[in-house]
Amino acid sequence: IVIIIIAILAAVVVPKFTQSSTKSKEASLRSNLKLVRNAVELFRADCGSYPKVLADLAATAAPANGKDAAGADAPITAADWKGPYLESTPVDPTNNTAFTYSVASPTVGKVTSSNAAYAAW
């Protein structure tokens, strides 16, 4: 009887922990996306162009080029750059890979999850 009670409790508790892990990763994803998107916009506001790659947000010196709204290379003036904009570039917590970053028109500067299930976030 004790074993049956423990099995029933385990059957109820284990799915709750699985869901809490997923919810935790989703909350972290939302936070990381907001952080990276804000850093991209600060970079654009300071430099007049988008970063060429997300790693430029954590660079310790001004990159030579960024991307304009059409996706073409745009020079960056070192005096305009106020970085680094992030301490380090975070990864997508749902699959531990880099975020997807668009440098092609019309979505230049768009940061999305690399996990297809969350790509619309």
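Begin by selecting Ser 49 together with the residues it touches beyond four places away in sequence, namely Phe 43, Arg 44, Gly 66, Lys 67, Asp 68, Ala 74 and Ile 76. Keep in mind throughout that this is a predicted model. Ser 49 itself lies in the loop between helix 1 (2–47) and strand 1 (50–51). It counts as buried because its relative accessible area is 2%, where the cut-off for that label is under 20%.

Step back next to Gly 48, which follows helix 1 and has a positive phi, near 80 degrees.

From there, select the whole of helix 1 and check its length with a distance between its end C-alpha atoms. The 46 residues of helix 1 should span 68 Å at 1.5 Å a residue, and the end C-alpha atoms are 67 Å apart, so the expected and computed spans agree.

With helix 1 still selected, colour its buried residues, which are Leu 29, Asn 32, Leu 33, Val 36, Ala 39, Val 40, Phe 43 and Cys 47. To see what lies over them, add strand 1, strand 4 (100–101) and strand 5 (111–112), which are included in the cover of these buried residues.

Now turn to another part of helix 1, starting from Ile 4, whose place is in that helix. Is Ile 4 buried or exposed? Ile 4 is exposed, because its relative accessible area is 55% and the label requires over 50%. Extend the selection to Ile 8, Val 12, Val 13 and Phe 17, and you have the residues that, with Ile 4, make a nonpolar surface patch of about 500 Å².

The last stop concerns the rings, for which the structure holds three aromatic pairs. One of them joins Trp 81 and Tyr 85 in an edge-to-face arrangement, with 6.1 Å centre to centre and 80 degrees between the planes. Trp 81 counts as buried at 11% relative accessibility, and Tyr 85 likewise counts as buried at 14%.

Move then to Tyr 118 and Trp 121, an aromatic pair that is also edge-to-face, with 4.8 Å centre to centre and 70 degrees between the planes. Here Tyr 118 is buried, with a relative accessible area of 13%, whereas Trp 121 is partly exposed, with a relative accessible area of 28%.

To close, select Phe 43, Trp 81 and Tyr 85 together, since ring pairs link these residues into a cluster. Phe 43 brings the tour back to its start, being one of the residues that Ser 49 touches and one of the buried residues of helix 1.

Technical notes
Residues numbered from 1 in each chain as written. Predicted model: local features only at pLDDT ≥ 70, side-chain atom pairs only at ≥ 80, totals over all residues. Heavy atoms only, no water. Helix = DSSP H or I, 4+ residues; strand = E, 2+ residues; numbered from the N terminus. Buried < 20%, exposed > 50% of the residue type's maximum accessible area, 1.4 Å probe, protein only. Contact = heavy atoms within 4.5 Å. Patch = residues over 30% accessible without salt bridge, like charges linked within 9 Å, V, L, I, M, F, W, Y side chains within 5 Å. Areas by Shrake-Rupley, 256 points an atom, 1.4 Å probe, with all protein chains shown as cover. Salt bridge = Lys/Arg side-chain N within 4 Å of Asp/Glu carboxyl O. Expected span 1.5 Å × (residues − 1). Phe/Tyr/Trp six-rings, centres within 6.5 Å; stacked < 30°, edge-to-face > 60°.
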